[in-house]
Amino acid sequence: MELFVIIGPAKTRLVAQIAAATVGAGFIIGIQLVAISSFGTLSRLEFLTSSAVLEKLPSLGSVFWLPALGAADDPSAAISAIRLGILAFLTTITLTADRYGEIVLRAASIDLDPQRRVPSHRDFRDIRSSSVLRHKECKLLLRDNWLLSHILMQL
């Protein structure tokens, strides 16, 4: 919601998608770094079970282990994790409910094409077709934020 208020409704989606792609890529690259660092051992996960990593983990009684314990067939941990998730959701709704109306009004009033341009009258020039095609593709990419975000996610 803060991102929406700061940069506006038109650019929030693009920035959020790029941020999500960056976080996802970070996880993928992190997993690959762990696999590379444990090269030459019998277990690819030896790094995760090393004493340096295990010392940094919270104790098994910590609330951070509830989702993992719930997924590992512990019904009480699963119910506790669901309750904590519902509590976090309700707290967030309670704290931000008064701003939803303002944000919906801002989103409904955005101009879908804020850069309406008056066509310019230019003289025809002798330009190679490949140059014209590249120029056209660059204009289309810059105009379409959704397409640009998907290209960046694939990169």
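Helices and strands are taken here as DSSP runs, a helix having at least four residues and a strand at least two, and they are numbered from the N terminus. On this basis the secondary structure of the protein, which is a predicted model, comes to seven helices and zero strands. Read from the N terminus on, the order of the elements is accordingly α-α-α-α-α-α-α.

Of the 155 residues of the protein, 8% count as buried. The protein exposes about 13200 Å², and 67% of this area is supplied by carbon and sulfur atoms. Among the contacts between residues at least 6 apart in sequence, 42% join residues that are at least 24 apart.

Two packed helices are described by the angle between their axes and the distance between the axes. Helix α7, which spans residues 145-154, takes part in two such packings, one with α6 and one with α2.

In the first of these packings, helix α6 (residues 129-143) meets α7 at an angle of about 100°, and the axes of the two helices lie 5 Å apart. Because angles of 65 to 115 degrees count as roughly perpendicular, α6 is described as roughly perpendicular to α7. On the side of α6 the contact is made by L141, L142 and R143, while α7 contributes N145, L147, L148 and I151. By residue class, the contact of α6 with α7 divides into five nonpolar residues, one polar residue and one charged residue.

In the second packing, helix α2 (residues 9-37) and α7 pack at an angle of about 5°, with their axes 9 Å apart. Since angles under 35 degrees count as roughly parallel, α2 is roughly parallel to α7. The residues of α2 that make this contact are A10, R13, L14, Q17, I18 and A21, and those of α7 are N145, W146, S149, H150, L152 and M153. The residues of the contact of α2 with α7 divide into seven nonpolar, four polar and one charged. N145 of α7 is thus named both in the contact with α6 and in the contact with α2.

A further local feature concerns T96, whose place is in helix α5, the helix formed by residues 75-108. T96 has a relative accessible area of 17%, and it is therefore counted as buried, the cut-off for this class being under 20%. The side chain of T96 is also joined to the side chain of Y100 by a polar contact of 3.4 Å.

Note on methods:
Residues are numbered from 1 along each chain as its sequence is written. This is a predicted model: local features need pLDDT of at least 70, side-chain atom pairs count only at pLDDT 80 or more; totals for chains, interfaces and linings use all residues. Side-chain values use heavy atoms; hydrogens and water are left out. Axes are lines fitted to C-alpha atoms, for helices over the stretch in contact, and angles run from 0 to 180 degrees between N-to-C directions. Angles under 35 degrees count as roughly parallel, over 145 as roughly antiparallel, 65 to 115 as roughly perpendicular and the rest as oblique. Contact means heavy atoms within 4.5 Å. Ala, Val, Leu, Ile, Met, Phe, Trp, Tyr, Cys and Pro count as nonpolar, Asp, Glu, Lys and Arg as charged, and the others, Gly among them, as polar. Buried means under 20% relative accessible area, exposed over 50%, partly exposed in between (1.4 Å probe, protein chains only). Accessible areas come from the Shrake-Rupley method with a 1.4 Å probe; for residues, only the protein chains shown count as cover. A polar contact is a pair of N or O atoms within 3.5 Å; within protein, one must be able to donate a hydrogen and the other to accept it, and residues adjacent in sequence count only if both atoms are side-chain atoms.
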